[in-house]
Amino acid sequence: MSQQNAASRKRAIALHAVIVPLALIWVFPIWMMVVFATRPDSAIFSPKVLLTPGNRFWENFNLLQDDLNFTRTLFVSVVVAVVYTVLSMILTSMAGWALARYKFHGRIAVVGIILGTMTLPYFVVVIPQFILVARDFGLSNTWVALIVPPLFNSLGVLFMRQAFSMMPAELFDAARIDGVSEWKIFLHVGLPLARPMLAALAIILFLASWNNYLWPLLIANDTSMMTAPVALGSLFGLVDVSWGGIMVGAVLMTAPMLAVFVFLQRFFMAGITAGAVK
Amino acid sequence: MKIFGTCAVAALCLSAGLVQAEEITVWSWGSAAPALDATLEGFNAKHPDITVKVEHLGYSDVKSRVLAACAAGGTGLPDVFQFQNVEMELIGAQFPDCAADLVPLGFDAEAQAQFPEFKLFALRQGDRMIGMPWDSGPSMMFYRRDFFENAGVSADDIVTWSDFAEAGAKVQAANEGVTMTNDNLNGGTEWLQMISNEQGCGFFSSDGESITVNQPGCVAALDVVKTMVDAELMTAGNFGERVQNLSAGSVAALMSGAWFEGILRNNAPEDQSGKWGVMAMPSVTEDGVRAANYGGSLLAIANNSDNKEAAYSYLSYALGTNEGQITMLREFGLVPSLVSALDDPYVNEPSEFWGGQKVWELVLSRLEIIEPMNGTAYFSDADQVLQSVQTKYLNGEYDSAQAALDDAAMQISFATGLPVAE
Amino acid sequence: MRPRSLTAFGFLAPYLLIFASFWLWPIIYSFYLSFMSTRRLPWTFNPKMTWGRVVQDPAFYNALENTLTILAIQVPVMLFLATLLAVMLNSTLLRARGLIRFAFFAPVVIGEAAYAAVFRLMFNTEFGVINKVIESVGLPPVEWFSNPDAAMALIIMAVTWRWVGYNAIIILAGLQSIPQDVYEAATLDRVSPRQQFLYITLPLLKPVILFCLVLSVIGSMQLFAEPYLITNVGGPGGATETLGLYLYRQAFLNLNFGYASAVAYTIAALAVMISALNLWIGRDKT
């Protein structure tokens, strides 16, 4: 027994000798984000290496606000991500329900086409999507343009289809015998049962929208309708810009997501792994 | 939000216009943005009812945002936007309705005649004018007098690029940690453009119908760049890095459009005052032309702006009066393209920062020998090709500058469908 | 399940409407566009300016080469690291599990703009902490943004940093779905842990790793924000210009929608081909 203990201690030491330095490397950029955000630019661009946070966060925040109205862009980002998440959950859970619970002509075709969106690069659609939304509909710089086109994302459909098809049919048949309408069965039986999956989906969708870069870059040119990532990226090219301020923006974009990750880790993991492991 | 903000009912607009002072928004970049800010005091003295809001953005940001907005039928554009002269034809060719015609607003033949023809032709669309010329960018060599003196080098003796390289070696030997010069080698072709222009070679022929980038003048220009890099006299520095280098005192000379004067003067630490000088750019041969143009912008008014008249009155003040133009020259070194402003007494004044030199006299003397260049609607296509060809050539992937530019010409031809000139 | 076409399409209709307008129709329109010369108004049918150009444009091949380089280096390195991490994170011997998981999984939630900003400062040639470390061991500083190879390495490191945790999460879930009694039986039969990993864990993980591989391939083919934001739009001189960036330039900076559409279809065809190849190589040989 003691021999086995010694062996496993050796393995434990080896394991930590590898993983702890790696973990430190991985967390380092996040640490530096905080360091940069709390230091003046003269310290960021100085020959001396600084590895500890300073106390200039609010000064840098004010510099950022001078360079652009970052709180406005955060507001745009929050509204877009929340509305997108809610709408996408409604649309995709309905579609997932239909594909999981009903047999109908064209079901295979619908599933096939939807799967196609997962494998084809977004670039194939982004140009005509832009022409359609921006030129033909004239919707640049609107909430609709920021929120609606990305709703084509089929992740939720496949996700919810899987969730609903794992539920036993008897649950729903009992309700049908009582004469409950299909819509109400979906709403009052199906959806409540899928709550954990919905939570996972919500997190993934919110994150996708929050960090979305290319579409908002193209569709929102008006400063008042820019999302936070696009606004932050637009500062990189300026000469007279506060990098401490930019890093404050990075922190403000990142901190809420890290909180979500820490407190809702279980749902977060479920969201990422859905579809990979059957 | 613009879509909700545009007036659906004409009556509403009218009533709103009566009670509210007009506000116009301008997109601008670099030192041009604060230069516009500097004109506001004078403008508002004349037009207290018009508020001008200048948004300071990055150059590539303005460019990509304007293009995306034009592609979206103009939604999202501010009332006024800055654009580079050489790139404006892209907007004219692709989105003829994006920028407003300024002629009916008052930019008639008489008003146009106040500007030189080379600043106007990219803006002309038949009888329409889709912008008002702003500044031009005679290329100048800005140099550190003290670094040159340490090396026993005189700027007056530098006539050719080989003289410049020789001086560079001495300057670097005499000044520890100083690099002779920088070019935006990683993201631009600035020296190539300037020296090509100096040598009378454009990327496109003057009628814009063929590609001329592989002609001798451009080949000579690319050779100069390679010589500088190979002799380790030139390192890469984008706009921001060059500003960092100059304020850190780690670069001895920078070549750019004259508008760089303001950037340099406003970013250099106080103790550098009096240590900088300006000289004409060297040439390839002893008797060669020593002038080129780099940069230079215009202001355009968005066609779907609700405040075109107000916007035009701002343009005609800031760009069309000596007062507006000289303010921008004084504060930010923007060289007026308004001809009458060139006779303003200010241009003959010596500058303390430049060691008492009469900078503008020298700069303006370049204007008449600059050969205008046709940017065409394909300027960014060509520039992208040349960036990658230049990088490859500097890394030794072509046998000669001629071979590199022959390849570039062929690639630009693929992209544009234009033939390579014989 | 019983046939209820009407009910089913009732539930499907809202999603399908969005899907048809913003995915299906654009993809068809894109195909049409890919035959049009959009260099001047009006647009004209001229496949020579689009498809004809794709096959012979050196700038396209440069972007393709860069993308394939990233694909060939970054994807295997990342998946190897992800598998290693998953195995280590799954070990019962691991202490401070929560903290260590946080370190690797946190980058997954960080947006490109935010991490691009940090990487730009960390890798700053003159003042960045990375070059300080390199110089402290006596090596010359690396010009991360001017040297083509260094810039490419920077992009690869950044993407790996961002995505390794994501893949590790998926592989970890795969590991945890392997029944524990398989290992118990193997331990009783005196199969060493290394052999257990090679002959039990890896084969059972194959479908999950394959899934990660396909996702990563598609992801690499679409790489855009990193070279846009970190290396100044594909610099130096196009050395980190990916297919995605090339397409963006052509479409939205040169306003050549027709040619960009042909490029888009080419990217799509390549992505499908490479994914299919992966699946074919990884198929069960039974």
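**Figure 1. Chain B comes in two domains, each built from separate stretches of sequence.** In this predicted model, chain B splits into domain 1, made of residues 2-137 + 295-343, and domain 2, made of 139-292 + 357-416. Measure between the domain centres over C-alpha atoms and you get 29 Å. Where the two domains of chain B touch, domain 1 puts in 21 residues and domain 2 puts in 18. On the domain 1 side, α5 (88-94), β7 (135-136) and α15 (322-332) of chain B each bring at least two residues to the contact. The largest share there is 3 residues, and that comes from α5(B). As for chemistry, this side of domain 1 of chain B has 9 nonpolar, 8 polar and 4 charged residues.

**Figure 2. Strand β3 of chain B is buried from end to end.** Strand β3 covers residues 80-84 of chain B, and 5 of its 5 residues are buried, so the rest of the structure largely encloses it. Which residues sit on each side of β3(B)? V80(B), Q82(B) and Q84(B) are on one side, F81(B) and F83(B) are on the other, and both faces are covered. In general, side chains in a regular strand alternate between the two faces of the sheet. Here, then, are the residues to look for: two phenylalanines on one face of β3(B), and a valine with two glutamines on the other.

**Figure 3. Strand β3 of chain B has a parallel partner and an antiparallel one.** The parallel partner is strand β1 (residues 22-29) of chain B, joined to β3(B) by 2 bridges. To find your way around this pairing, look for V26(B), which stands opposite V80(B). The antiparallel partner is strand β13 (residues 297-301) of chain B, and 5 bridges hold that pairing with β3(B). A handy landmark here is Q84(B), whose bridge partner in β13(B) is S297(B).

**Figure 4. Helix α10 of chain B is another covered element.** This helix takes in residues 190-198 of chain B, and 9 of its 9 residues are buried. Among the buried residues of α10(B) are W191(B), L192(B), M194(B) and I195(B), and the list also includes E190(B) and E198(B). What do the buried residues of α10(B) pack against? Their neighbours in chain B are the strands β8 (139-144), β9 (179-183) and β11 (251-257), along with the helices α11 (216-230) and α17 (379-394). Just past the end of α10(B), G200(B) adopts a positive phi of about 75°.

**Figure 5. Chain A touches both chain B and chain C.** Chain A is divided into domain 1 (2-60) and domain 2 (70-235), with 37 Å between their centres over C-alpha atoms. Against chain B, 17 residues of chain A meet 21 residues of chain B. That side of chain A is made up of 6 nonpolar, 9 polar and 2 charged residues. Against chain C, 75 residues of chain A are in contact with 75 residues of chain C. Helix α1 (residues 2-37) of chain A gives the largest share of that side, 15 residues. Sorted by class, the side of chain A facing chain C has 59 nonpolar, 12 polar and 4 charged residues.

**Figure 6. Helix α7 of chain C has a kink.** Where is the kink in α7(C) centred? Look at W163(C), where α7(C) bends by about 35°. The helix runs over residues 148-176 of chain C, and at 1.5 Å a residue its 29 residues should span 42 Å. Its end C-alpha atoms lie 41 Å apart, which agrees with that expected span.

Notes. Residues numbered from 1 in each chain as written. Chains lettered and ligands numbered in written order. Predicted model: local features only at pLDDT ≥ 70, side-chain atom pairs only at ≥ 80, totals over all residues. Buried ≥ 20, exposed ≤ 12 C-beta atoms within 10 Å, placed from the backbone. Helix = DSSP H or I, 4+ residues; strand = E, 2+ residues; numbered from the N terminus. Pairing = 2+ DSSP bridges. Contact = placed C-beta atoms within 7 Å. Nonpolar A, V, L, I, M, F, W, Y, C, P; charged D, E, K, R; others polar. Domains from an automatic or database assignment. Expected span 1.5 Å × (residues − 1). Bend = angle between axes of the 7 residues up to and from the residue.
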